[in-house]
Number of protein chains: 2
Amino acid sequence: MHISTKCSIAIHCLIFISEYGEKRKVTSELLSLSTGTNPVTIRNIISALKKEGILSVKFGTGGTKLNCPLNEITLYRICNALEPNFLTKLIGIHSMPSPLCPVGKNIHSVLNTSYAKIHEDLRSSLQSISMKEIMDNYNHL
Amino acid sequence: MHISTKCSIAIHCLIFISEYGEKRKVTSELLSLSTGTNPVTIRNIISALKKEGILSVKFGTGGTKLNCPLNEITLYRICNALEPNFLTKLIGIHSMPSPLCPVGKNIHSVLNTSYAKIHEDLRSSLQSISMKEIMDNYNHL
DNA sequence: CCTCCTGTAAATTTTAATCTTACATCTAAT
DNA sequence: ATTAGATGTAAGATTAAAATTTACAGGAGG
(Lines give C-alpha, C1' and ligand atoms only; values in the text may rest on other atoms or scores of the structure.)
Protein backbone atom coordinates (compact mmCIF):
# COMPACT_ATOMS: atom_id res chain seq x y z
CA MET A 1 0.00 0.00 0.00
CA HIS A 2 1.40 3.35 -0.89
CA ILE A 3 1.40 6.74 0.74
CA SER A 4 -1.48 8.19 -1.15
CA THR A 5 -2.04 11.61 -2.61
CA LYS A 6 -4.16 12.24 0.45
CA CYS A 7 -0.94 13.13 2.25
CA SER A 8 -0.13 15.80 -0.32
CA ILE A 9 -3.66 17.13 -0.23
CA ALA A 10 -3.54 17.25 3.57
CA ILE A 11 -0.33 19.30 3.47
CA HIS A 12 -1.91 21.59 0.92
CA CYS A 13 -4.90 22.11 3.20
CA LEU A 14 -2.71 22.72 6.24
CA ILE A 15 -0.68 25.38 4.43
CA PHE A 16 -3.91 27.00 3.35
CA ILE A 17 -5.36 26.93 6.85
CA SER A 18 -2.12 28.17 8.34
CA GLU A 19 -2.17 31.13 5.96
CA TYR A 20 -5.86 31.98 5.95
CA GLY A 21 -7.51 30.12 8.83
CA GLU A 22 -7.48 33.14 11.13
CA LYS A 23 -8.44 35.73 8.54
CA ARG A 24 -11.35 34.09 6.83
CA LYS A 25 -13.67 31.14 7.02
CA VAL A 26 -11.95 28.17 5.39
CA THR A 27 -14.58 25.69 4.23
CA SER A 28 -14.24 22.35 2.52
CA GLU A 29 -15.65 24.03 -0.57
CA LEU A 30 -12.81 26.53 -0.59
CA LEU A 31 -10.17 23.87 -0.01
CA SER A 32 -11.78 21.81 -2.73
CA LEU A 33 -11.29 24.65 -5.20
CA SER A 34 -7.70 25.28 -4.15
CA THR A 35 -6.64 21.64 -4.28
CA GLY A 36 -8.72 20.59 -7.26
CA THR A 37 -10.19 17.71 -5.27
CA ASN A 38 -13.84 17.09 -4.55
CA PRO A 39 -15.29 18.36 -1.26
CA VAL A 40 -16.09 14.94 0.18
CA THR A 41 -12.48 13.84 -0.06
CA ILE A 42 -11.48 17.10 1.61
CA ARG A 43 -13.99 16.57 4.38
CA ASN A 44 -12.70 13.05 4.96
CA ILE A 45 -9.12 14.29 5.17
CA ILE A 46 -10.03 17.19 7.45
CA SER A 47 -12.03 14.82 9.59
CA ALA A 48 -9.02 12.52 10.03
CA LEU A 49 -6.77 15.45 10.94
CA LYS A 50 -9.34 16.63 13.43
CA LYS A 51 -9.44 13.26 15.17
CA GLU A 52 -5.67 13.51 15.55
CA GLY A 53 -6.06 16.87 17.25
CA ILE A 54 -4.20 18.69 14.49
CA LEU A 55 -6.99 21.11 13.74
CA SER A 56 -10.52 21.97 14.80
CA VAL A 57 -13.59 22.51 12.71
CA LYS A 58 -16.48 24.75 13.56
CA PHE A 59 -19.48 22.54 13.16
CA GLY A 60 -22.63 23.86 11.62
CA THR A 61 -21.38 27.15 10.35
CA GLY A 62 -18.03 25.94 9.04
CA GLY A 63 -14.44 27.11 9.20
CA THR A 64 -11.20 25.43 10.19
CA LYS A 65 -8.31 26.44 12.45
CA LEU A 66 -5.03 24.84 13.43
CA ASN A 67 -5.07 23.36 16.87
CA CYS A 68 -1.39 23.04 17.72
CA PRO A 69 1.96 24.64 16.87
CA LEU A 70 3.34 23.99 13.41
CA ASN A 71 6.43 22.19 14.64
CA GLU A 72 4.28 19.55 16.32
CA ILE A 73 2.53 18.65 13.07
CA THR A 74 4.99 16.17 11.57
CA LEU A 75 4.50 14.31 8.32
CA TYR A 76 4.44 11.11 10.32
CA ARG A 77 1.53 12.37 12.34
CA ILE A 78 -0.29 13.44 9.20
CA CYS A 79 0.24 10.12 7.42
CA ASN A 80 -0.77 8.15 10.45
CA ALA A 81 -3.91 10.21 10.90
CA LEU A 82 -4.88 9.58 7.30
CA GLU A 83 -4.16 5.88 7.43
CA PRO A 84 -3.40 4.17 10.73
CA ASN A 85 -0.50 1.75 10.46
CA PHE A 86 0.36 2.96 7.01
CA LEU A 87 3.97 1.85 7.55
CA THR A 88 3.08 -1.79 7.77
CA LYS A 89 1.19 -1.47 4.50
CA LEU A 90 4.03 0.27 2.74
CA ILE A 91 5.63 -2.77 1.16
CA GLY A 92 3.24 -5.44 -0.05
CA ILE A 93 3.87 -9.10 0.79
CA HIS A 94 2.62 -11.94 -1.37
CA SER A 95 0.01 -13.80 0.56
CA MET A 96 0.22 -17.34 -0.75
CA PRO A 97 3.77 -18.70 -0.53
CA SER A 98 3.90 -22.49 -0.50
CA PRO A 99 4.03 -23.91 3.03
CA LEU A 100 5.64 -27.02 1.54
CA CYS A 101 8.74 -25.12 0.47
CA PRO A 102 11.46 -24.27 3.01
CA VAL A 103 11.64 -20.76 1.61
CA GLY A 104 7.90 -20.26 1.32
CA LYS A 105 7.39 -21.46 4.86
CA ASN A 106 9.68 -18.82 6.32
CA ILE A 107 9.50 -15.91 3.92
CA HIS A 108 6.99 -13.90 5.92
CA SER A 109 9.11 -14.00 9.02
CA VAL A 110 12.25 -13.08 7.09
CA LEU A 111 10.58 -10.19 5.28
CA ASN A 112 9.01 -8.80 8.41
CA THR A 113 12.39 -8.67 10.12
CA SER A 114 14.02 -6.79 7.27
CA TYR A 115 11.09 -4.51 6.62
CA ALA A 116 10.85 -3.54 10.28
CA LYS A 117 14.14 -1.67 9.95
CA ILE A 118 12.90 0.17 6.88
CA HIS A 119 9.72 1.11 8.66
CA GLU A 120 11.74 2.54 11.54
CA ASP A 121 13.98 4.53 9.23
CA LEU A 122 11.05 5.92 7.30
CA ARG A 123 9.26 6.78 10.47
CA SER A 124 12.11 8.92 11.76
CA SER A 125 12.44 10.53 8.37
CA LEU A 126 8.77 11.50 8.39
CA GLN A 127 9.04 12.67 11.98
CA SER A 128 11.92 14.96 11.09
CA ILE A 129 9.76 17.10 8.82
CA SER A 130 6.97 19.21 10.26
CA MET A 131 4.64 21.87 8.95
CA LYS A 132 7.08 24.41 10.40
CA GLU A 133 9.76 23.51 7.85
CA ILE A 134 7.15 23.31 5.14
CA MET A 135 5.74 26.77 5.93
CA ASP A 136 9.27 28.19 6.05
CA ASN A 137 9.86 26.66 2.68
CA TYR A 138 6.57 28.05 1.38
CA ASN A 139 7.27 31.55 2.68
CA HIS A 140 10.77 31.77 1.22
CA LEU A 141 9.85 30.55 -2.20
CA MET B 1 2.61 4.70 -5.84
CA HIS B 2 3.61 2.01 -3.43
CA ILE B 3 6.43 -0.48 -3.27
CA SER B 4 4.58 -3.42 -4.67
CA THR B 5 4.56 -7.03 -3.62
CA LYS B 6 6.92 -7.60 -6.53
CA CYS B 7 9.72 -6.58 -4.19
CA SER B 8 8.76 -9.28 -1.71
CA ILE B 9 8.42 -11.84 -4.47
CA ALA B 10 11.82 -10.86 -5.85
CA ILE B 11 13.43 -11.38 -2.45
CA HIS B 12 11.70 -14.72 -2.15
CA CYS B 13 13.08 -15.75 -5.54
CA LEU B 14 16.58 -14.55 -4.67
CA ILE B 15 16.62 -16.55 -1.44
CA PHE B 16 15.45 -19.59 -3.37
CA ILE B 17 18.07 -19.13 -6.08
CA SER B 18 20.75 -18.49 -3.50
CA GLU B 19 19.86 -21.75 -1.78
CA TYR B 20 19.16 -23.99 -4.74
CA GLY B 21 20.50 -22.25 -7.87
CA GLU B 22 23.73 -24.24 -7.91
CA LYS B 23 22.24 -27.59 -6.99
CA ARG B 24 19.27 -27.78 -9.30
CA LYS B 25 17.63 -26.09 -12.23
CA VAL B 26 15.49 -23.27 -10.90
CA THR B 27 12.76 -22.48 -13.42
CA SER B 28 10.01 -19.89 -13.38
CA GLU B 29 7.61 -22.78 -12.91
CA LEU B 30 9.38 -23.84 -9.71
CA LEU B 31 9.53 -20.28 -8.39
CA SER B 32 5.89 -19.88 -9.28
CA LEU B 33 5.01 -22.85 -7.08
CA SER B 34 7.17 -21.68 -4.18
CA THR B 35 5.87 -18.10 -4.20
CA GLY B 36 2.29 -18.84 -5.13
CA THR B 37 2.46 -16.36 -8.00
CA ASN B 38 1.84 -17.08 -11.65
CA PRO B 39 4.82 -17.88 -13.87
CA VAL B 40 4.48 -14.81 -16.09
CA THR B 41 4.82 -12.47 -13.14
CA ILE B 42 7.87 -14.45 -12.05
CA ARG B 43 9.39 -14.23 -15.50
CA ASN B 44 8.84 -10.48 -15.56
CA ILE B 45 10.50 -10.07 -12.17
CA ILE B 46 13.41 -12.34 -13.09
CA SER B 47 13.78 -10.48 -16.35
CA ALA B 48 14.06 -7.15 -14.54
CA LEU B 49 16.64 -8.54 -12.13
CA LYS B 50 18.59 -9.92 -15.05
CA LYS B 51 18.74 -6.54 -16.76
CA GLU B 52 20.19 -5.13 -13.55
CA GLY B 53 22.93 -7.77 -13.65
CA ILE B 54 21.74 -9.35 -10.40
CA LEU B 55 21.31 -12.82 -11.87
CA SER B 56 21.61 -14.68 -15.14
CA VAL B 57 19.16 -16.97 -16.84
CA LYS B 58 19.99 -19.84 -19.09
CA PHE B 59 17.86 -19.25 -22.13
CA GLY B 60 16.18 -22.11 -23.89
CA THR B 61 16.81 -24.83 -21.39
CA GLY B 62 16.09 -22.77 -18.28
CA GLY B 63 17.71 -22.30 -14.90
CA THR B 64 18.79 -19.25 -12.93
CA LYS B 65 21.96 -18.35 -11.04
CA LEU B 66 23.06 -15.36 -9.00
CA ASN B 67 25.47 -13.15 -10.84
CA CYS B 68 27.08 -11.15 -8.06
CA PRO B 69 27.91 -11.41 -4.35
CA LEU B 70 25.01 -11.25 -1.94
CA ASN B 71 26.20 -8.08 -0.25
CA GLU B 72 26.02 -6.19 -3.52
CA ILE B 73 22.34 -6.99 -3.98
CA THR B 74 20.71 -4.26 -1.93
CA LEU B 75 17.00 -3.73 -1.55
CA TYR B 76 17.42 -0.41 -3.29
CA ARG B 77 18.89 -2.11 -6.31
CA ILE B 78 16.08 -4.66 -6.35
CA CYS B 79 13.34 -2.04 -6.08
CA ASN B 80 14.91 0.12 -8.72
CA ALA B 81 15.28 -2.82 -11.07
CA LEU B 82 11.61 -3.66 -10.65
CA GLU B 83 10.43 -0.11 -11.11
CA PRO B 84 12.83 2.58 -12.22
CA ASN B 85 12.43 5.82 -10.24
CA PHE B 86 10.13 4.13 -7.79
CA LEU B 87 11.11 6.69 -5.15
CA THR B 88 9.61 9.59 -7.03
CA LYS B 89 6.38 7.65 -7.29
CA LEU B 90 6.28 6.78 -3.61
CA ILE B 91 4.13 9.66 -2.42
CA GLY B 92 1.34 10.68 -4.76
CA ILE B 93 0.78 14.35 -5.54
CA HIS B 94 -2.59 15.75 -6.56
CA SER B 95 -2.33 16.88 -10.14
CA MET B 96 -4.86 19.69 -10.41
CA PRO B 97 -4.26 22.35 -7.75
CA SER B 98 -5.71 25.72 -8.70
CA PRO B 99 -3.16 27.98 -10.41
CA LEU B 100 -5.26 30.93 -9.25
CA CYS B 101 -4.60 30.22 -5.58
CA PRO B 102 -1.28 31.27 -4.00
CA VAL B 103 -1.05 27.90 -2.29
CA GLY B 104 -2.13 25.88 -5.32
CA LYS B 105 0.35 27.70 -7.53
CA ASN B 106 3.32 26.72 -5.38
CA ILE B 107 2.33 23.45 -3.77
CA HIS B 108 4.19 21.22 -6.20
CA SER B 109 7.45 23.02 -5.64
CA VAL B 110 7.00 22.95 -1.85
CA LEU B 111 6.12 19.26 -1.79
CA ASN B 112 8.99 18.27 -4.05
CA THR B 113 11.46 19.99 -1.75
CA SER B 114 10.16 18.23 1.33
CA TYR B 115 9.72 14.88 -0.32
CA ALA B 116 13.25 14.94 -1.74
CA LYS B 117 14.60 14.54 1.78
CA ILE B 118 12.32 11.60 2.44
CA HIS B 119 13.39 9.96 -0.79
CA GLU B 120 17.04 10.34 0.20
CA ASP B 121 16.43 8.87 3.63
CA LEU B 122 14.50 5.95 2.25
CA ARG B 123 17.14 5.34 -0.36
CA SER B 124 19.89 4.99 2.19
CA SER B 125 17.67 2.79 4.29
CA LEU B 126 17.08 0.46 1.36
CA GLN B 127 20.75 0.52 0.47
CA SER B 128 21.70 -0.54 3.97
CA ILE B 129 19.98 -3.90 3.60
CA SER B 130 21.33 -6.48 1.17
CA MET B 131 20.62 -10.11 0.39
CA LYS B 132 23.58 -10.94 2.64
CA GLU B 133 21.72 -9.76 5.76
CA ILE B 134 18.56 -11.39 4.51
CA MET B 135 20.25 -14.76 3.91
CA ASP B 136 21.89 -14.55 7.34
CA ASN B 137 18.49 -13.90 8.81
CA TYR B 138 17.01 -16.80 6.83
CA ASN B 139 19.75 -19.22 7.87
CA HIS B 140 19.52 -18.42 11.58
CA LEU B 141 15.79 -18.68 11.78
C1' DC C 1 -37.03 29.00 9.80
C1' DC C 2 -33.92 29.35 6.13
C1' DT C 3 -29.32 29.07 4.39
C1' DC C 4 -24.76 27.41 4.51
C1' DC C 5 -21.95 24.22 6.32
C1' DT C 6 -20.28 19.49 8.23
C1' DG C 7 -20.28 14.40 8.62
C1' DT C 8 -21.15 10.10 6.54
C1' DA C 9 -22.95 6.44 3.78
C1' DA C 10 -23.55 4.20 -0.60
C1' DA C 11 -23.14 3.71 -5.43
C1' DT C 12 -20.54 4.73 -9.45
C1' DT C 13 -16.54 5.62 -12.06
C1' DT C 14 -11.76 5.55 -12.83
C1' DT C 15 -7.36 3.79 -12.41
C1' DA C 16 -3.84 0.54 -11.24
C1' DA C 17 -2.25 -4.10 -10.39
C1' DT C 18 -2.40 -8.82 -11.34
C1' DC C 19 -3.48 -12.94 -13.80
C1' DT C 20 -4.40 -15.51 -17.96
C1' DT C 21 -3.79 -16.78 -22.58
C1' DA C 22 -1.03 -17.08 -26.48
C1' DC C 23 2.88 -17.66 -29.13
C1' DA C 24 7.59 -16.94 -31.10
C1' DT C 25 12.10 -18.53 -30.02
C1' DC C 26 15.88 -20.89 -27.98
C1' DT C 27 18.76 -25.19 -26.12
C1' DA C 28 19.95 -29.66 -25.20
C1' DA C 29 18.83 -34.44 -25.41
C1' DT C 30 17.39 -38.14 -27.99
C1' DA D 1 16.71 -32.70 -37.11
C1' DT D 2 12.92 -33.31 -34.15
C1' DT D 3 11.06 -32.72 -29.89
C1' DA D 4 10.37 -31.49 -25.07
C1' DG D 5 10.75 -28.07 -21.84
C1' DA D 6 12.17 -23.30 -21.14
C1' DT D 7 12.26 -18.20 -21.67
C1' DG D 8 10.57 -13.54 -23.25
C1' DT D 9 6.79 -10.64 -24.32
C1' DA D 10 2.50 -8.90 -25.90
C1' DA D 11 -2.51 -8.32 -25.25
C1' DG D 12 -6.64 -9.05 -23.18
C1' DA D 13 -9.38 -10.20 -19.04
C1' DT D 14 -10.00 -10.02 -14.35
C1' DT D 15 -9.63 -8.21 -9.82
C1' DA D 16 -8.81 -4.91 -6.40
C1' DA D 17 -8.06 -0.21 -4.80
C1' DA D 18 -8.80 4.89 -5.08
C1' DA D 19 -11.36 8.68 -6.06
C1' DT D 20 -15.66 10.88 -7.42
C1' DT D 21 -20.37 11.60 -7.29
C1' DT D 22 -24.83 11.69 -5.23
C1' DA D 23 -27.60 11.97 -1.31
C1' DC D 24 -29.13 13.35 2.99
C1' DA D 25 -29.37 13.99 8.13
C1' DG D 26 -27.95 17.32 11.37
C1' DG D 27 -25.94 21.88 13.65
C1' DA D 28 -25.15 27.09 13.94
C1' DG D 29 -26.43 31.53 13.30
C1' DG D 30 -28.58 35.28 11.04
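This tour moves from the whole assembly to selected residues of a predicted model.

**The two chains.** Begin by displaying chain A and chain B together. A turn of 180° with a shift of 0.0 Å along the axis lays chain A on chain B, with an RMSD of 0.0 Å. That is the relation of a two-fold axis. Next, select the interface residues of chain A: 100% of them are also interface residues in chain B, so the copies meet through the same surface.

**An aromatic pair.** Over all chains, the count of aromatic pairs comes to four. Select one of them, Tyr76(A) with Phe86(A): the ring centres are 5.9 Å apart and the planes stand at 50°, so the pair is classed as tilted. Tyr76(A) belongs to helix 4 of chain A, while Phe86(A) lies in the loop between helix 4 and helix 5, so the pair ties together parts that are ten residues apart in sequence. Are these two residues buried or exposed? Tyr76(A) counts as buried at 16% relative accessibility, and Phe86(A) also counts as buried, at 5%.

**A residue in the loop.** Select Leu90(A), which is placed in the loop between helix 4 (75–82) and helix 5 (102–127) of chain A. Leu90(A) has a relative accessible area of 1% and is therefore buried, since the cut-off is under 20%. Add His119(A) to the selection: the two residues are 29 apart in sequence, and their C-alpha atoms are 8.3 Å apart in space.

**A charge over a ring.** Finally, select Tyr20(A) and Arg24(A). The charged end of Arg24(A) sits over the ring of Tyr20(A), 5.5 Å from the ring centre. In chain B, the charged end of Arg24(B) sits over the ring of Tyr20(B), 5.5 Å from its centre.

Technical notes
Residues numbered from 1 in each chain as written. Chains lettered and ligands numbered in written order. Predicted model: local features only at pLDDT ≥ 70, side-chain atom pairs only at ≥ 80, totals over all residues. Heavy atoms only, no water. Least-squares fit on C-alpha atoms with pLDDT ≥ 70 in both. Contact = heavy atoms within 4.5 Å. Helix = DSSP H or I, 4+ residues; strand = E, 2+ residues; numbered from the N terminus. Buried < 20%, exposed > 50% of the residue type's maximum accessible area, 1.4 Å probe, protein only. Phe/Tyr/Trp six-rings, centres within 6.5 Å; stacked < 30°, edge-to-face > 60°. Lys NZ or Arg CZ within 6 Å of the ring centre and 35° of its normal.
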